[in-house]
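Let's take a friendly walk through this structure, one feature at a time. Have the sequence and the 3D view open as you read.

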Amino acid sequence: MQTRKKYIFLTFLASWLLLFLFGGDQLRRFAFFSGRRAEARRNWPHWTDRSLLKSFVDVEELQRDGDPSLLSPRERRAAWLSVYRSSRCRMETCFDFSRCEKHGFKVFTYPQERGQPVSETYGKILSSIERSRYHTANPEEACLFILSIDTLDRDHLSGQYVRNVDEKIRSFPLWNGGRNHLIFNLYSGTWPDYAGDLGFDIGQAILAKASFDTESFRPGFDISIPLFSKDHPQRGGDRGWLYQDSVPPKKKYLLVFKGKRYLTGIGSGTRNALHHIHNGKDIISLTTCKHGKDWEKHKDTRCDKDNIDYERFDYQELLHNSTFCIVPRGRRLGSFRFLEALQAACIPVLLSDGWELPFAEAIDWGKAAVVGSERLLLQIPSAVRCIHPERVLAFQQQTQFLWDAYFSSVDKIVHTTLEIIKDRLSPHRSRSRFLWNALPGGLLVLPDFSTHLGDFPFYYLQHGYSPSRKFTAFIRAASQAGSLSQPILRLIQAVSGSQYCAQIVVLWSCEKPPPPSGKWPQTTVPLTVIQGRRQLSDRFFPFEAIQTDAVLSLDEDTILSTSEVDFAFSVWRSFPERIVGFPTQSHFWDPEQGRWGYTSRWTNELSIVLTAAAFYHRYYHSLFTEYLPAGLRELVDGLAACEDILMNVLVAAVTKLPPIKVTQRKQHKEVVPQQAECRDGAAGTPPPGQRSPSAPHSAPAKVKGTAGSRRFSQRQDCLNRLADWFGYMPLVPSQLRLDPVLFKDQVSVLRKKYPSLEKP
């Protein structure tokens with residue numbers, strides 16, 4: 001053992017000797033030269049090294065690129081900290097989640113004070129919040145608070161600047177240092193630096209701001225919103241300019257810009273350089289210095305020629321005919337032309353370094369915009385020329401989706417802001433980035449319903465999912481207690497005979513209790529009776545009893561055969577996002593009356609499939625109950641013939657597609673219920689001849705009695721009130737009817753899958 005230790009020691013000693021003899025010289029030489037190199041590097045003077053290089057200018061001024069109006073980074077940081085004293089705010093540190101636990105996500109707007117002016121734009125924002133499903137008039141229920149003080153324009157030179165905001169908000173008992181408050185702002189700072197100073201301490205409030213700088217933006221807490229004008233519509237909004245037949249994606253001009261040129265001050269550097277990329281052919285870059293009161297005092301040698309060229313082109317025509325639109329910064333980082341380019345399907349080329357893009361927390365702008373650098377302006381033309389036409393078309397389509405989903409109205413901008421905040425409260429039930437950036441958009445996908453894509457009717461084709469192979473028959477009954485009408489008995493037997501029927505759910509909408517279980521017919525599928533609240537909106541409530549994707553909505557006096565049900569269900573499985581059914585009606589614009597008209601005449605055009613006999617996805621029950629505000633559901637309950645129109649309007653607003661009519665047998669006749677009606681007319685017992693699949697094909701004049709004419713008038717009034725609420729008419733007309741293969745063909749019935757549909 002001692003000998004072994006001696007050998008190990010001698011081996012270790014020999015290794016050190018060899019390393020010193022053969023490698024020591026190289027190690028010393030390496031250390032010598034590295035020391036020489038380090039000394040040489042230290043001898044080179046740095047431009048910030050005051051001991052070696054004499055300073056003729058302040059170091060911070062050198063970082064302003066020669067523009068004295070620009071603040072240095074240290075000055076910007078100091079200005080930012082003076083405004084955002086809670087600069088480390090996150091939802092976990094500056095937001096009280098406990099306020100949202102009991103009543104959910106509710107928003108309270110401060111009552112308007114007398115003599116307190118509010119701009120038109122801020123009035124639209126407050127109105128959008130009050131119209132939303134999250135609004136509450138009780139501050140004790142509120143999770144989020146909105147000031148009644150107009151904070152949109154914080155330029156103290158503006159006529160809409162509100163003074164003494166600090167004093168006013170501190171007097172509010174609910175302010176609590178800004179915690180759980182949301183502040184909207186479009187304009188901050190003033191000439192010459194346009195810094196982010198709001199003129200008051202926001203404390204721990206969330207700031208929804210346009211032209212947000214990435215340095216002052218608090219990720220996961222603040223929200224960047226787009227800059228929009230006072231003329232931006234409250235709701236609805238104009239549609240995008242890209243239509244289905246707009247081909248090819250490459251237009252007359254490749255790249256365009258037409259706007260102001262600033263001769264001095266912040267934002268002047270980029271706009272002064274835009275003339276370098278103008279070639280007068282496929283790249284049009286036009287600027288004018290003819291703006292402001294004293295523009296002639298500062299004009300340069302290019303001004304006169306630029307002004308002449310500027311008048312030669314129309315701005316709207318350039319937007320229509322260009323593939324890409326340059327969106328440079330103005331005095332502030334954002335500009336109106338960003339939304340203008342989105343609407344025109346002109347792909348925005350952003351030249352605004354440091355801009356936190358609107359809703360970037362949710363929106364993937366890499367699919368809809370080209371983000372450039374102000375310092376690399378001359379590389380923009382070659383960069384956009386390299387984009388493949390297929391990708392150009394994808395960009396254009398995405399601009400239209402984003403415009404329509406989040407930016408076309410003040411309502412959508414405000415609601416997107418609220419939904420982003422709501423998602424932060426429950427990250428485990430929040431919308432994925434895919435849902436925000438794919439049709440129909442994050443506002444129309446409720447994470448409370450599900451977070452799995454296969455549970456929604458919009459993503460089957462994209463992800464290879466398929467709807468369930470069974471359906472739930474949902475029958476709304478309004479018969480008197482003690483007896484069941486013959487039509488509902490026949491309907492239950494016909495529906496239960498379908499091979500695709502999983503269950504039957506009967507919504508009993510009378511005050512008296514439903515008949516005992518022994519009075520109901522025996523079926524091969526489970527039959528469940530639910531006691532309703534005797535309101536028409538109940539038929540679209542998301543009852544837990546409905547377990548299948550497909551819902552067959554029926555009225556008790558509907559007459560259908562098993563073959564009709566089977567064929568309609570097979571059609572619906574191919575179009576799970578649409579309403580598929582039998583009785584149809586349509587709308588039209590009446591120029592004499594200046595309002596929308598409603599007709600049940602049998603024409604080649606349809607836009608409404610009545611839910612007296614229609615298939616649709618069960619998700620629309622959740623959307624109807626949870627997405628629509630309470631005011632619309634109250635409208636449905638107040639009018640005895642409005643619920644199916646609202647459901648059609650809702651589905652059309654979500655999908656931008658018309659419903660689908662399927663084959664029905666012609667022997668359907670008007671069914672006049674013989675049973676007495678429910679005592680409360682609001683229970684909605686269908687008047688004679690209005691709810692069977694064949695009834696919509698009768699002219700209004702043929703409906704007997706004043707009840708029928710009153711019902712038709714209510715439908716027309718409902719249609720116009722819904723169009724007013726949405727801000728446009730969502731219904732989409734169609735002339736499509738789907739029939740079975742070989743329907744009415746002169747071939748053997750053995751070759752037909754649904755021969756009974758042709759029987760008289």
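A good place to begin is the disulfide that joins Cys642 to Cys718, with an S to S distance of 1.8 Å; a disulfide here is a pair of cysteine sulfur atoms within 2.5 Å. The torsion about the S-S bond of Cys642 and Cys718 is about 60°, so this disulfide is right-handed. Cys642 lies in the loop between α20 (630-638) and α21 (643-655), while Cys718 sits in helix α22 (residues 705-726), so the pair ties together parts that are 76 residues apart in sequence. Helices (H or I, at least four residues) and strands (E, at least two) are DSSP runs, numbered from the N terminus. Both Cys642 and Cys718 are buried, where buried means under 20% relative accessible area, exposed over 50%, and partly exposed in between (1.4 Å probe, protein chains only).

A word on the ground rules: this is a predicted model, in which local features need pLDDT of at least 70 and side-chain atom pairs count only at pLDDT 80 or more, whereas totals for chains, interfaces and linings use all residues. Residues are numbered from 1 along each chain as its sequence is written, and side-chain values use heavy atoms, with hydrogens and water left out.

By the sulfur distance rule, the count comes to 5 disulfides. Another of them joins Cys100 to Cys143, at 1.8 Å from S to S. Cys100 is in the loop between α4 (91-94) and β1, and Cys143 is in the loop between α5 and β2, 43 residues apart. Cys100 is buried at a relative accessible area of 12%, and Cys143 is buried at 0%.

Those loops lead us to an open sheet of 5 strands, in the order β1-β2-β4-β6-β7 with parallel pairing; two strands pair if DSSP finds at least two bridges between them. Which strands stand at the edges? They are β1 (107-109) and β7 (223-224), each with a single partner strand, so one side of each is left without a neighbour in the sheet. Strand β4 (residues 181-185) and strand β6 (residues 206-209) pair in the parallel sense over 4 bridges, and Leu182 stands opposite Ile206 in β6.

Finally, turn to helix α9 (residues 303-310), whose buried residues are Cys303, Asp306, Asn307, Asp309 and Tyr310. They cover an arc of only 165° around the axis, which puts them on the same side of α9; the arc is that of the directions from the helix axis to the C-beta atoms. On the other side of α9, Lys305 and Ile308 are exposed.
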